[in-house]
Amino acid sequence: MPMSKTLLCLLVTVLTAVPLLAQTFGDISGDVRDPSGALISGVAVTLTNTGTNATRATVTNDQGLYAFPALQPGQYNLRAEKPGFKVFTRTGIAVEVQLSARINIDMQVGS
C-alpha cells in the first residue's frame with residue numbers, strides 16, 4: 001500500500017508540472033507587406049537571440065505570414081530579406097513568457 005501512495009504522489013507531481021513547462025515560452029509572428037500594402041510570400045525571415053546568438057529562420061507563406069513559436073524569453077533581432085527589396089531589420093524585440101509579439105514588416109523596394 002505505501003508503494004501505491006508514493007506512485008500516486010509522483011504521478012500527480014508530474015502531471016501538474018507538465019503544464020508549467022508549456023508556459024515558459026513566448027512567440028513572435030507577423031506579416032510582410034510591400035509599399036502598396038500587398039502581402040509578400042517567399043521572404044526569408046531570420047530571428048537571432050542576442051543573449052545566446054541562437055538563430056532561427058523561416059520563409060513567409062503564400063499569405064505573407066511568418067511565425068516563430070516557442071521562443072525562450074530574451075531579446076531578439078529580426079531580419080527580413082528578398083531580392084528586389086531592401087533588407088529589413090528590427091533590434092531589441094523583447095520576448096516574454098506567455099506573450100505573443102506581433103511584428104509586421106513593411107519592405108521597401110530597392111536592392
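**Strands, a core and a few unusual residues**

Of the 111 residues of the protein, 24% count as buried. The model is a predicted one, so everything described here is read from computed coordinates. The surface that the protein exposes comes to about 7100 Å², and carbon and sulfur atoms supply 61% of that area. As for the parts list, there is one helix and there are eight strands. Walking along the sequence gives the pattern α-β-β-β-β-β-β-β-β, with the helix leading and the strands following. Among contacts with a separation of 6 or more, 58% are made by residues 24 or more positions apart.

Next comes the sheet. Four of the strands build an open sheet, lined up in the order β3-β2-β5-β6, and their pairing is antiparallel. Strands β3 (55-59) and β6 (88-95) sit at the edges; each has a single partner strand, so one side of each is left without a neighbour in the sheet. On average, and ignoring direction, neighbouring strands here are turned by 20 degrees against each other. As a bit of background, strands of a sheet pair through backbone hydrogen bonds, in either a parallel or an antiparallel way.

Two hairpins can be picked out in this sheet. In one of them, β2 and β3 are linked with five residues between them, and N53 in the turn has a positive phi of about 65 degrees. These two strands pair in the antiparallel sense over five bridges, and A44 stands opposite V59 in β3. In the other hairpin, β5 and β6 have six residues between them, with G84 in the turn showing a positive phi of about 95 degrees. Here six bridges join β5 (residues 74-81) to β6, again running antiparallel. G74 has V95 in β6 as its bridge partner, while L78 stands opposite R90 in β6.

L78 turns up again in the protein's interior. The largest nonpolar core has 20 residues, and L78 is listed with I28, Y66, I105 and M107 as those with the most contacts inside it. Strands β1 (26-33), β2 (44-49), β4 (65-71), β5 and β6 each supply at least two residues of this core. Setting aside neighbours within four places in sequence, L78 touches a long list of residues, including V45, L47, Y66, F68, F88, I93, I103 and I105. R90, the residue opposite L78 in β6, is also one of these contacts.

What about a charged-type name among the strands, such as D31: is D31 buried or exposed? D31 counts as buried because its relative accessibility is 7%, under the 20% cut-off. The place of D31 is in strand β1. Beyond its neighbours within four places in sequence, D31 is in contact with L39, G64, L65, Y66, R102, I103, N104 and I105. Two of the most-connected core residues, Y66 and I105, are therefore among the contacts of D31.

Finally, a word on backbone angles. Most residues other than glycine have a negative phi. A70 has a positive phi of about 50 degrees although it is not a glycine. A70 is found in strand β4 and is partly exposed, with a relative accessible area of 46%. Q98 likewise is not a glycine, yet has a positive phi of about 60 degrees. Q98 lies in the loop between β6 and β7 (100-102), and at 55% relative accessibility Q98 counts as exposed.

Notes. Residues are numbered from 1 along each chain as its sequence is written. This is a predicted model: local features need pLDDT of at least 70, side-chain atom pairs count only at pLDDT 80 or more; totals for chains, interfaces and linings use all residues. Side-chain values use heavy atoms; hydrogens and water are left out. Two strands pair if DSSP finds at least two bridges between them. Axes are lines fitted to C-alpha atoms, for helices over the stretch in contact, and angles run from 0 to 180 degrees between N-to-C directions. A nonpolar core is a set of buried Ala, Val, Leu, Ile, Met, Phe, Trp, Tyr and Cys residues joined through side-chain atoms within 4.5 Å. Buried means under 20% relative accessible area, exposed over 50%, partly exposed in between (1.4 Å probe, protein chains only). Contact means heavy atoms within 4.5 Å. Accessible areas come from the Shrake-Rupley method with a 1.4 Å probe; for residues, only the protein chains shown count as cover.
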